Amino acid sequence: MDFEVCFLPSEATRRPSPVAVLIDVIRASTTIVTLLDRGAPEVVLVRQADLTKLHEIRAKVGSALVCAEDPSGVKAAVADLSPSPAALRDLDLAGQRVIFSTTNGTLAAALLQQAGVEHVLVGCMRNAAAVMTEAVALARRLDRSISLVCAGRHGCQIAAVDDVYCAAALLRHGEALAKSAGIATTLLESARIARAASSVYADTWAAFDESMSAAVVRRIGAPDDVPYCADENVTRCVPLVTFDDGAALVHRAG
């Protein structure tokens, strides 16, 4: 089983299409996990540019709360909920469908769809072991490789330290799971680069603390998001992205 790290979604070009684990750890992938953990049955991913068509989206998906940010990262004017995962952790969202939009994470999902990637899971530190258990099982069943896809920053155009560190952490889980199942593994060069880059940090907090993503959420008044996103293996929730008639829909896997 091959493992690779895509430092940006545009690098997800392997054929046949891999099992992709989408990572935007501060904050979108962590927020998606949190929304599902708090009871949302479905999260509809919308590119930030498409928020101007919110009335059309609502007409298609029906009743839903909106969780979205503006380009600066603060809660969008049209939103009901902030995309801060720490701010969502105590909400009861049972039965509440959510329309979700961020600068990079939801755009990254759209880019994977455009690239023809069929099997997409959402990963972060909080569900690291769980998402890789699902990824390895799915890749084994389909005889596919695994791509850990980082959303990056600035409209998915610049690699992000926090995403790459998270990808390396997920890689460790995936490699261990595959080996314990007797599956031969190969770390492609990108995976080895990510693993080496992550080794310069003492721990997750040190890596996240130095990231520009953390600097942004602090600047907009959401400092609690950094430690919240850094917590590892605190949930078994694995979001699965499905693409239906141009829409990206997220449910719990299984």
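# Notebook: helices, sheet and unusual backbone

I started with helix 2 (residues 54-61), which lies across strand 3 (43-45), strand 4 and strand 5 (98-101). Helix 2 runs at about 140 degrees to strand 5. I note here that this is a predicted model.

Next I checked helix 4 (residues 105-114), which packs on the sheet. I listed the strands that helix 4 touches: strand 2 (19-23), strand 3, strand 5, strand 6 (119-123), strand 7, strand 9 (239-244) and strand 10 (247-252). The direction of helix 4 makes about 160 degrees with that of strand 2.

**The sheet**

I then traced the strand order. The sheet is open, has 10 strands and runs 4-5-3-10-9-6-2-7-1-8. Its pairing is mixed. Which strands stand at the edges? I found strand 4 (65-68) and strand 8 (186-187) there. Each has a single partner strand, so one side of each lacks a neighbour in the sheet.

I looked at one pair in detail. Strand 1 (residues 2-6) and strand 7 (residues 146-150) pair in the parallel sense, over four bridges. For Cys6, I found Val149 of strand 7 as the bridge partner.

**Helix 1**

Is helix 1 (residues 28-37) largely enclosed or open? I counted nine of its 10 residues as buried, so helix 1 is largely enclosed by the rest of the structure. The cut-off for buried is under 20% relative accessible area. I wrote down the buried residues: Ala28, Ser29, Thr30, Thr31, Ile32, Val33, Thr34, Leu35 and Leu36. Just after helix 1 comes Gly39, with a positive phi of about 110 degrees.

**Helix 5 against helix 6**

I took helix 5 (residues 128-142) and helix 6 (residues 161-180) next. Their axes come within 9 Å and cross at roughly 50 degrees. The two helices are therefore oblique to each other. Helix 5 passes helix 6 in a right-handed crossing. From helix 5, the contact uses Ala128, Ala129, Val131, Met132, Thr133 and Val136. From helix 6, it uses Leu170, His173, Gly174, Leu177 and Ala178. Sorted by class, I get eight nonpolar, three polar and no charged residues in the contact of helix 5 with helix 6.

**Helix 6 against helix 7**

How do helix 6 and helix 7 (residues 189-198) cross? Their axes come within 8 Å, and the angle is roughly 115 degrees. Helix 6 and helix 7 are therefore roughly perpendicular to each other. Here the crossing of helix 6 past helix 7 is left-handed. Helix 6 supplies Val164, Tyr165, Ala168, Leu171, Arg172 and Glu175 to the contact. Helix 7 supplies Ala191, Ala194, Arg195 and Ser198. I count six nonpolar, one polar and three charged residues in the contact of helix 6 with helix 7.

**Backbone oddities**

I searched for cis peptide bonds. One joins Arg15 and Pro16, with omega about 0 degrees. Pro16 lies in the loop between strand 1 and strand 2. Another cis peptide bond joins Ile26 and Arg27, with omega about 25 degrees. I place Arg27 in the loop between strand 2 and helix 1.

I also looked for positive phi outside glycine. His154 has a positive phi of about 50 degrees. I located His154 in the loop between strand 7 and helix 6. Asn233, also not a glycine, has a positive phi near 60 degrees. Asn233 sits in the loop between helix 10 (225-230) and strand 9. Is Asn233 buried, partly exposed or exposed? I read a relative accessible area of 37%, so Asn233 is partly exposed.

Conventions:
Residues numbered from 1 in each chain as written. Predicted model: local features only at pLDDT ≥ 70, side-chain atom pairs only at ≥ 80, totals over all residues. Heavy atoms only, no water. Buried < 20%, exposed > 50% of the residue type's maximum accessible area, 1.4 Å probe, protein only. Pairing = 2+ DSSP bridges. Contact = heavy atoms within 4.5 Å. Axes fitted to C-alpha atoms, helices over the stretch in contact; angles between N-to-C directions. Parallel < 35°, antiparallel > 145°, perpendicular 65-115°, else oblique. Left-handed = near helix turned anticlockwise from the far one by under 90°. Nonpolar A, V, L, I, M, F, W, Y, C, P; charged D, E, K, R; others polar.
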